Amino acid sequence: MAKRIKVFDTTLRDGEQSPGCSMNLNEKLEVAKQLEKLGVDVIEAGYAFSSPEDFESVTAIAKLVKNAGVASLSRALNKDIDAAYDAVRHSAAPRVHIFLATSPIHMQYKLKMTEDEVVARAAAAVAHAKKYCSDIEFSAEDASRSDKAFLARVFSEVIKAGATVLNVPDTVGYSTPDEMAALVTYLLENVQDIDKADISVHCHNDLGLAVANTLACVKAGATQVECTINGIGERAGNASLEELVMNLHTRADVYGGAQTGVKTDQIYRASRLVQKITGVKVAPTKAIVGKNAFAHESGIHQHGVLAHRETYEIMTPQSIGIPQNKMVLGKHSGRHGFKDRLTELGYYLNQQEIDEAFVRFKALADKKKVIFDEDLEILVKNATSDYSQQRFTLVNFKIDSYKASAQAHICLDVRDSGEESAICLSNSGPLEAAFSAINEIIKRHGCKFEKDALKHYDVHAASGGEDAVAAAVVKLACGDKKVTGRGESTNTIMASIEAYLNGVNKLWA
Ligand code: KIV
Ligand code: ZN
């Protein structure tokens, strides 16, 4: 019988902890809902002990998700494990995920523990978690640089203590496919009672091999893969879910028919959602979900595909859920066509959300000849945003600029205080002037930024055409809180101001 590979998605933990990818509670819930639709087996929702916010989001995801397991990361410490279980216990399939490093370099310099101490700590931690929860994953951090015999010893002990999944991370993305496959083979032969647990792999992409390493492990006998949407994650990221799943799907002949439970037609939607929420765009050439992944540019290729699709196409765009309906939406489109296209894009809105989005659609269609799918995604996001939480709302702005110097006049509506204005000058340009004016108003309400609070700013055309909607993304940091703000408008400056305000509102929600 074809082997079933479990998919453990860590977009909300390893992905979220990578620079620039932080998400707030509502955003995490939106991603979790889509991961559930996608059909992943386990959602790693966060690291509950790390902060009250993480505890809250792991708890909320455990309560929300019905059709996937929910895991929380935990160090091999009782206080971490207690918090992890306390957050995931609401799930129908809770999992506590304990990690402890096993490589000589980590044990000597980071943990300052001997091998015996590591074995004892790992087994004790798993035994402690097992008192609460039947499903326990143990990760041997930096497994790929660990001594194989020692690793087998640690794994044998944690199985005895009750671990159900043994994870083999290539934490620093150092390994090669041959090495990873050999490690899995060795563990299958040398860990006692290995048939009582799944072997999982968790590969990082520092040398661009995360997906290749993971697939090599599947061939060698691993039964769980750890991955993230779009491959986001620490440093160069994790193995990307879409690449792993579509490799198994497309090359079942190579992987002995091994299959996942992922509904591949939800992949595109998941990828777009994570790009939209994190503001981290995938490269156009990114396999599976990049803008060019199914675009045949050269005449020879186009001719071949038209004559017989398989001449140049190994997968169909439909198989990952790229909408095929090319009916143009515009000013004269009705509510029905609008709603149908949203459903096709994977958005299932309630009546009130549809009504709100439709009003925005009509307003945009007055400004733009053709409404693209990317425009619709923006409208939906706006319709589902919770504006009642917003403390500062843009009323108006005026910018005068001459070459690099600019003056911005910003007027905001401040909740419970009414309208307030500020005027600022800048020698760098209109956005610096506008952001400074916003800072001045929010400062009056006790919200203070450091000078370098703006960590990242990006603006790009969200869709095609001369009248494209500009999508702006800002990343702001205040103390240890980091947020992503987004704004969209056919006016680039307005999109940028809205993005900045969106970030400010998230910081002071
Ligand atoms: O990369 C890693 O080693 C991890 C573990 C915590 C699983 O993310
Ligand atoms: Zn990792």
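Which protein donors does the zinc ion (ligand 2) have? In this predicted model, where local features need pLDDT of at least 70, side-chain atom pairs count only at pLDDT 80 or more, and totals for chains, interfaces and linings use all residues, the donors are Asp14 (OD), His202 (NE2) and His204 (NE2), lying 2.0 to 2.1 Å from the ion. Residues are numbered from 1 along each chain as its sequence is written, chains are lettered from A and ligands numbered from 1 in the order in which they are written, and side-chain values use heavy atoms, with hydrogens and water left out. Donors are N, O and S atoms within 2.8 Å of the metal (3.2 Å for Na, K and Ca), and since water is not among the atoms, sites may look incomplete. Along the chain the donors follow the spacing D-x187-H-x1-H. Asp14 in helix H1 (residues 11–15) and His202 in strand E7 (residues 198–203) are 188 residues apart, a pair that links distant parts of the chain; helices (H or I, at least four residues) and strands (E, at least two) are DSSP runs numbered from the N terminus.

Two helix pairs can be set side by side. Helix H2 (residues 25–38) packs against helix H11 (residues 267–278) at an angle of about 170 degrees, with the axes 10 Å apart, axes being lines fitted to C-alpha atoms, for helices over the stretch in contact, and angles running from 0 to 180 degrees between N-to-C directions. H2 is therefore roughly antiparallel to H11 (under 35 degrees counts as roughly parallel, over 145 as roughly antiparallel, 65 to 115 as roughly perpendicular and the rest as oblique). The contact (heavy atoms within 4.5 Å) includes Val31 and Leu38 of H2 and Leu273 and Ile277 of H11.

The axes of helix H13 (residues 335–344) and helix H14 (residues 351–367) come within 11 Å and cross at roughly 110 degrees, which means that H13 is roughly perpendicular to H14. Here Arg335, Phe338 and Lys339 of H13 meet residues of H14, among them Ile354, Phe358 and Phe361.

Further along lies an open sheet of 3 strands in the order E9-E10-E11, with antiparallel pairing; two strands pair if DSSP finds at least two bridges between them. Strands E9 (392–402) and E11 (418–426) stand at the edges, each with a single partner strand, so one side of each lacks a neighbour in the sheet. Strand E10 (residues 405–414) is joined to E11 by 9 bridges, and Cys411 stands opposite Ser421 in E11. Helix H16 (residues 430–443) lies across E9, E10 and E11, running at about 35 degrees to E10.
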